[in-house]
Amino acid sequence: MSQFAKILLCSVVLLSVTILGDFCVKKAATLKDYSGWKLLLAGGAINFVCAIGWFWIYRSQKFITVGGILSIGLLALSVLVSQFVFREKISNWEITGVVLGFISLLILLKNGNG
């Protein structure tokens with residue numbers, strides 16, 4: 001397995017765990033009277049641990065490459081969680097933005113990792 005494939009695999013794992021942290025924060029925000037403070041702290045702790053993982057990935061890759069993977073990956077997973085867990089409605093403009101984001105990631109990965 002190439003170095004970049006390992007980085008991509010680690011990124012997918014970190015993205016999944018980061019979304020779990022974001023899920024905890026969103027779930028905490030939906031609870032009344034600040035009763036979700038434990039979920040908020042859990043989400044913050046999860047995101048802190050993920051930041052350490054991203055630190056190691058950033059050490060070996062270009063900022064633009066990792067930033068693109070992080071941004072578009074979080075966007076895509078956030079859309080899935082918002083749709084299937086929180087049952088939020090997504091507009092056509094938001095769908096267009098996600099598609100354009102994926103196109104930009106493909107361009108970055110093709111041209112930015114040489």
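Contact here means heavy atoms within 4.5 Å. Keep that in mind as you travel through this predicted model.

**The whole chain**

Start with everything selected and shown as a cartoon. You will find 4 helices and 0 strands, and from the N terminus on the elements run α-α-α-α. The C-alpha trace spans about 50 × 35 × 20 Å along its principal axes. Of the 114 residues in the chain, 28% are buried. If you switch on the surface, the chain exposes about 7,800 Å², with carbon and sulfur atoms supplying 72% of that area. Contacts are worth a look too: among those between residues at least 6 apart in sequence, 69% join residues at least 24 apart.

**Stop one: helix α1**

Select residues 3–30, which make up helix α1. Its 28 residues reach 41 Å from the first C-alpha to the last, close to the 40 Å expected at 1.5 Å a residue. Now step back to Ser2, which caps the N-terminal end of α1. Draw a distance from a side-chain oxygen of Ser2 to the backbone nitrogen of Ala5, and you should read 3.2 Å.

Next, colour the buried residues of this helix: Ile7, Ser11, Leu14, Leu15, Thr18, Ile19, Gly21, Cys24 and Ala28. What covers these buried residues of α1? Among the elements that do so are α2 and α3, the latter being residues 63–84.

**Stop two: the loop between α1 and α2**

Move on to Asp33, which sits in the loop between α1 and α2. Tyr34 has its place in the loop between α1 and α2 as well. Check the backbone angles here. Most residues other than glycine have a negative phi. Asp33, however, has a phi near 55 degrees, a positive value in a residue other than glycine. Tyr34 also has a positive phi, near 55 degrees, and is likewise a residue other than glycine.

Are these two residues buried or exposed? Asp33 has 74% relative accessibility, so it counts as exposed. Tyr34 counts as exposed too, because its relative accessibility is 77%.

**Stop three: helix α2**

Select residues 37–60 for helix α2. Its 24 residues should span 34 Å at 1.5 Å a residue, and the end C-alpha atoms are 36 Å apart, which agrees. Pick out Gly43, Cys50, Gly53, Trp54 and Ile57, which are buried in α2. The buried residues of this helix pack against α1 and α3.

Then select Phe48, Val49, Ile52, Phe55 and Trp56 and show their surface. Together they form a nonpolar patch with about 560 Å² of accessible area. Zoom in on Ile52, a member of this patch that lies in helix α2. Why is Ile52 called partly exposed? Its relative accessible area is 41%, and the term partly exposed covers values between the buried limit of under 20% and the exposed limit of over 50%.

**Last stop: Ser82 in helix α3**

Finish by selecting Ser82, which you will find in helix α3. Ser82 is buried, because its relative accessible area is 15% and buried means under 20%. Which residues does Ser82 touch, not counting residues up to four places away in sequence? They are Arg87 and Glu88. Show the side chains of Ser82, Arg87 and Glu88 together to see these contacts.

Definitions and conventions
Residues numbered from 1 in each chain as written. Predicted model: local features only at pLDDT ≥ 70, side-chain atom pairs only at ≥ 80, totals over all residues. Heavy atoms only, no water. Patch = residues over 30% accessible without salt bridge, like charges linked within 9 Å, V, L, I, M, F, W, Y side chains within 5 Å. Areas by Shrake-Rupley, 256 points an atom, 1.4 Å probe, with all protein chains shown as cover. Salt bridge = Lys/Arg side-chain N within 4 Å of Asp/Glu carboxyl O. Helix = DSSP H or I, 4+ residues; strand = E, 2+ residues; numbered from the N terminus. Buried < 20%, exposed > 50% of the residue type's maximum accessible area, 1.4 Å probe, protein only. Expected span 1.5 Å × (residues − 1). Polar contact = N/O pair within 3.5 Å; in protein donor to acceptor, adjacent residues only side chain to side chain.
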